[in-house]
Amino acid sequence: MESSVEVEKAFITSRIHYLTSDSCGYCKCQKERSGGLRAAPDNAGVPEKPTHITIGCQVEQMTCSQYDDFINRGFRRSGTFMYTGDMLRGCCRMYTIRTDLDHLKIIKEHRQVINRFKRAIGDETKTKGKFSLRSLIDAEKKSTRFHTRFEPSGFSKEKYELYRKYQVRVHNDDPEDVTPKQFKRFLCETPFPEREVMGAKGEWDRLGNWVKDPQGKLQIGKKRIGPTHECYYLDNKLIAISVLDFLPTGLSSIYFIWDPDFAHLSLGTLSGLREIQMCQELELGYYYLGYYIDDCHKMRYKAKFGGEVLDLVNNAWVDLEKARPLMEGDSFFALGDPTQATQEPERVSSEPSIHWDKPIQNINEALYEKPETYAQAKKISTEVRRDHDTSEFELPDVLPGAMSMASLKKSLASAAPELSSTLFIMSIGRWAAFPFETLPDVMKSYVIDFIRLFGYERLQETIMIVSA
């Protein structure tokens, strides 16, 4: 059967992988326990010792609009690999965090960083009255020493040398491990189409002039959508690089590189404040800071920007300060009424995320710390595999952020006879849409894992690369 997927706009990806490791970049797998459950049932599948768990796929192609949806469902990308964590079993709870100017509360540290930077770029103007982030923009506008330049996320020797210096001196990486290939893979390569990577002249004009024109007179320029490097120059020397994804509803911060010789300028904090202001000025939407891990000292700085975190179970955003008590001790939280939490919540993948406006209560103990939850999910999983003749699934039977087994069984009962999947079969070198019930058992399991994590709607625009 020929595929009806439009290849130019398709989400082209590998199957989903569930990867475990005894190496974690955040906690080094040195915590006392793994998982986010204070009292994990024996049948929950929580590792006996701290284990880093990544759920992800290698993405060959996706649009920024598609990624915009993924990032609002708890995913991130590293180069062309898109991933999330297992909030119940992994060693660290990684919550997606975002903010905007309304959530930001200016503290003494922010004022000191901005005033110090203003002096460094030649602005000695004393701020009168109430402090404003706009004073930073005004200082940049007048400065003859400092400027930034926006460009596509490509490789240059100048950028790579700064990256190498930063990784070795700030992160203590082995110099032999910091290679041009690593830099390209991590911070230059993307799965986005060429038109979004390179952009249009109007997009770059609008970005390049936003400081000079903070009142928005250049709004006639097209909104930038695509992966971008913003290079910071002081006296024509590259001192920092902000690696960003401009998305339809927000700005995602991927990585920030700064020259260790300019550590006194606190450029990481400065860039965050500056980019929050840029989101406001250019009406870019929310500012996404990546993942927040409450008990990780490397991540605590993100809380200084305020914001909200994503509850994966309800696909709901909740104020960070309200959620923090629920994260204490590296715990997982899911919001709801504990007295009503008798089964996993229904997940409708096409529904947009919401803001949580109900009482802040945690259903973790009532639901995810009960062995009955896992026993019931395993029972249904066994029935699904039997009814549809599939192999074992890659994903656990209970996984916050994924469709519950109960919802999956109900959906497959009605959808499977008409469900088809577009697969690229590597051994024959072509893709086609295959009726679900005609697939080999292992490929059925790939499709079901995909549906649980991403939904039926996304499957319809996906080409999955598999081996026969």
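This passage describes salt bridges, two helix packings and the surroundings of one loop residue in a predicted model.

A search of the whole structure returns 33 salt bridges, and several of them are considered here in turn. Side chains of opposite charge can pair when their charged atoms come close. One such pair is formed by D86 and R89, whose side chains meet with a nitrogen-to-oxygen distance of 3.0 Å, and both D86 and R89 are buried.

A second salt bridge joins K142 to D123, with the closest N and O atoms 3.9 Å apart. This pair links distant parts of the chain, for K142 belongs to helix α3 (residues 134-142), while D123 lies in the loop between α2 (108-120) and α3, the two residues being 19 residues apart. The partners can also be described by their accessibility: K142 has a relative accessibility of 54% and therefore counts as exposed, since the threshold for that class is over 50%, whereas D123, with a relative accessible area of 8%, is buried.

Helix α3 also contains R134, whose side chain meets that of E281 in a salt bridge with an N to O distance of 3.2 Å. Here too distant parts of the chain are linked, because E281 is located in helix α8 (residues 267-281) and R134 in helix α3, with their positions 147 residues apart in the sense that they are 147 residues apart. E281 is buried, its relative accessible area being 14%, while R134 is partly exposed at a relative accessible area of 24%. In addition to these individual pairs, a single network arises from salt bridges that share partners, and it joins K165, R169, K237, D259 and D261.The packing of helices provides a second view of the model. Helix α4 (residues 157-170) packs with helix α5 (residues 180-188) at an angle of about 95°, and their axes are 10 Å apart; the two helices are therefore roughly perpendicular to each other, as angles from 65 to 115 degrees are placed in that class. On the side of α4 the contact is made by K159, Y160 and Y163, and on the side of α5 by P180, Q182, F183, F186 and L187. Sorted by class, the residues of this contact comprise six nonpolar, one polar and one charged.

The packing of α2 with α8 occurs at an angle of about 100°, with the axes of these helices 10 Å apart, which makes α2 roughly perpendicular to α8. The residues that make the contact are E109, H110, V113, I114 and F117 of α2, together with L267, T269, L270 and L273 of α8. By class, the contact of α2 with α8 contains six nonpolar, two polar and one charged residues.

Finally, attention may be given to I106, a residue in the loop between β6 (95-99) and α2. I106 is partly exposed, with a relative accessible area of 31%. When residues up to four places away in sequence are not counted, I106 touches R111, F131 and L133. The C-alpha atom of I106 is separated by 24 Å from that of M327, a residue 221 residues apart from I106 along the chain.

Conventions
Residues numbered from 1 in each chain as written. Predicted model: local features only at pLDDT ≥ 70, side-chain atom pairs only at ≥ 80, totals over all residues. Heavy atoms only, no water. Salt bridge = Lys/Arg side-chain N within 4 Å of Asp/Glu carboxyl O. Buried < 20%, exposed > 50% of the residue type's maximum accessible area, 1.4 Å probe, protein only. Helix = DSSP H or I, 4+ residues; strand = E, 2+ residues; numbered from the N terminus. Axes fitted to C-alpha atoms, helices over the stretch in contact; angles between N-to-C directions. Parallel < 35°, antiparallel > 145°, perpendicular 65-115°, else oblique. Contact = heavy atoms within 4.5 Å. Nonpolar A, V, L, I, M, F, W, Y, C, P; charged D, E, K, R; others polar.
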